[in-house]
Amino acid sequence: MKFKEIIRLAMIPGIFFFIGLFIFVNFFDYAKTFYDIIPGDIVGDVNFSTYPSAVYIFFIYLLFQYIRTRNLKYIDITIMFLCCFIFARTFSIIFNGLSYSLFIPVALIPEYVALPVLIYVRKKIL
């Protein structure tokens, strides 16, 4: 099996990971505690589920499109998006600090690990 085929198959767990996060944000009240967000009474719940869901759906779409087309532009877009995410997370951590919660191993660490892995994969595919 070629490296490109292995990478395509490796995208499938990523898709399930983001589907799981999407379901978690939209259907479990514990998500508010997990993300350490207490939404307001008027549109807080809608905003809380909309923004993370949009991000997760976008990643699911990009991974499906890469598997379907084998077009590297979807990996490139994912890398650019993760760069923005990591910049924002790092900026936030520098100025607001960081305390341990379940969020760190489930969501934060995968973001920081995924970027170098995707960059490595991108270079290997070429």
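A residue counts as exposed when its relative accessible area is over 50%, as buried when the value is under 20%, and as partly exposed in between. Keep these words in mind for the close-ups below, which show a predicted model.

**View 1. Two neighbouring cysteines, Cys-83 and Cys-84, without a disulfide between them.** Let us begin with Cys-84, which counts as exposed because its relative accessibility is 53%. Cys-83, at 35% relative accessibility, counts as partly exposed. Why is there no bond for Cys-83? Its sulfur lies 6.9 Å from the closest cysteine sulfur, that of Cys-84, and this is too far for a bond. A disulfide would need the two sulfur atoms within 2.5 Å. Across the structure, the count of disulfides comes to 0.

**View 2. Phe-58 meets Phe-81.** Welcome to the aromatic rings: a search of the whole structure finds 12 aromatic pairs. In the pair shown here, the ring centres of Phe-58 and Phe-81 are 5.2 Å apart and the planes stand at 55°, so this pair is tilted. Phe-58 belongs to helix α3 (residues 44-69) and Phe-81 to helix α4 (residues 73-96), so the contact links distant parts of the chain, 23 residues apart. Are these two rings buried, exposed or partly exposed? Phe-58 is partly exposed, with a relative accessible area of 30%, and Phe-81 is partly exposed as well, at 26%.

**View 3. Phe-59 also pairs with Phe-81.** Here the geometry is edge-to-face, with 5.2 Å from centre to centre and 85° between the planes. Phe-59 lies in helix α3 and Phe-81 in helix α4, so this pair ties together parts that are 22 residues apart in sequence. Phe-59 is buried, with a relative accessible area of 4%.

**View 4. An aromatic cluster that takes in the rings of the last two views.** Which residues join Phe-58, Phe-59 and Phe-81 in this cluster? They are Phe-17, Phe-18, Tyr-56 and Phe-85.

**View 5. The largest pocket, with a volume of about 630 Å³.** Its lining is made up of 24 residues, and those that lie nearest the centre of the pocket are Tyr-35, Asp-36, Arg-89, Phe-103 and Leu-108. Helices α2 (30-34), α3, α4 and α5 (103-125) each supply at least two residues of the lining. Which helix gives the most to the lining of this pocket? That is α4, with 7 residues. By class, the lining of the largest pocket holds 15 nonpolar, 6 polar and 3 charged residues.

**View 6. The second largest pocket, with a volume of about 460 Å³.** This pocket is lined by 22 residues, and the closest to its centre are Gly-14, Phe-18, Leu-63, Ala-114 and Leu-118. You may recognise Phe-18, one of the members of the aromatic cluster. Each of α1 (3-27), α3, α4 and α5 supplies at least two residues of the lining of the second largest pocket. Helix α5 provides the largest share, 8 residues. How does the lining of this pocket divide by class? There are 19 nonpolar, 2 polar and 1 charged residues in it.

Notes
Residues numbered from 1 in each chain as written. Predicted model: local features only at pLDDT ≥ 70, side-chain atom pairs only at ≥ 80, totals over all residues. Heavy atoms only, no water. Phe/Tyr/Trp six-rings, centres within 6.5 Å; stacked < 30°, edge-to-face > 60°. Helix = DSSP H or I, 4+ residues; strand = E, 2+ residues; numbered from the N terminus. Buried < 20%, exposed > 50% of the residue type's maximum accessible area, 1.4 Å probe, protein only. 1 Å grid on protein atoms, 1.4 Å probe; cavity = no way out; pocket = protein on both sides within 12 Å on 5 of 7 lines; lining within 4 Å. Points joined across faces, edges and corners; volume = space filled by probe spheres on them. Nonpolar A, V, L, I, M, F, W, Y, C, P; charged D, E, K, R; others polar.
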